[in-house]
Amino acid sequence: MIDNITYHFCFLLFLVLFLGNKAGGAQRWLSFGAIRFQPSEFAKISSILMVSKFFYNNRDKHEYTLIELWPVIINSLIVFILIFKQPI
């Protein structure tokens with residue numbers, strides 16, 4: 001479930017690139033009616049929760065290969081790139 005939430009926030013980060021509102025000089029906000037929020041903050045938290053879930057589910061392992069960590073690395077990179085690409 002946390003993975004799905006992370007993907008939804010990544011989609012919202014993608015929307016900021018095209019539909020973001022300016023506030024305080026930065027175009028990093030989304031508006032839904034009277035509600036304005038920064039999806040990047042929620043995406044960061046959900047990404048941390050997804051990484052935590054991965055390590056919790058694999059807590060019996062003491063060593064990880066790059067192939068096993070690949071989904072975590074890719075998800076973290078996607079969140080990082082989408083936050084980095086937000087208009088200033």
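**A nonpolar patch, a core and two salt bridges**

Start at the surface of this predicted model. Leu66, Trp70, Ile73, Ile74, Leu77, Ile78, Phe80, Ile81 and Phe84 form a nonpolar patch there. Together these residues have about 890 Å² of accessible area. Trp70 is one of them. This residue sits in helix 3, which covers residues 66–84. Its relative accessibility is 46%, so Trp70 counts as partly exposed.

In soluble globular proteins, nonpolar side chains tend to be buried together. Now look inside the model. The largest nonpolar core has ten residues: Phe9, Cys10, Leu12, Leu13, Val16, Leu30, Phe37, Ala43, Val79 and Leu82. Helix 1 (2–19) and helix 3 each supply at least two of these residues. Helix 1 gives the largest share, with five. Take Cys10 as an example. Beyond its neighbours within four places in sequence, Cys10 is in contact with Ile78, Val79 and Leu82. Val79 and Leu82 belong to the core, whereas Ile78 is part of the surface patch.

Charged side chains come next. The model has two salt bridges. One joins the side chains of Glu41 and Lys44, with 3.4 Å from N to O. Both residues lie in helix 2 (residues 39–57). They are three residues apart, so about one helical turn separates them. Glu41 is partly exposed, at 37% relative accessible area. Lys44 is partly exposed too, at 35%.

In the other salt bridge, the side chains of Lys61 and Glu68 meet at 2.3 Å, N to O. Lys61 has a relative accessible area of 33%, so this residue is partly exposed. Glu68 has 29% and is also partly exposed.

Methods: Residues numbered from 1 in each chain as written. Predicted model: local features only at pLDDT ≥ 70, side-chain atom pairs only at ≥ 80, totals over all residues. Heavy atoms only, no water. Patch = residues over 30% accessible without salt bridge, like charges linked within 9 Å, V, L, I, M, F, W, Y side chains within 5 Å. Areas by Shrake-Rupley, 256 points an atom, 1.4 Å probe, with all protein chains shown as cover. Salt bridge = Lys/Arg side-chain N within 4 Å of Asp/Glu carboxyl O. Helix = DSSP H or I, 4+ residues; strand = E, 2+ residues; numbered from the N terminus. Buried < 20%, exposed > 50% of the residue type's maximum accessible area, 1.4 Å probe, protein only. Core = buried A, V, L, I, M, F, W, Y, C linked by side-chain atoms within 4.5 Å. Contact = heavy atoms within 4.5 Å.
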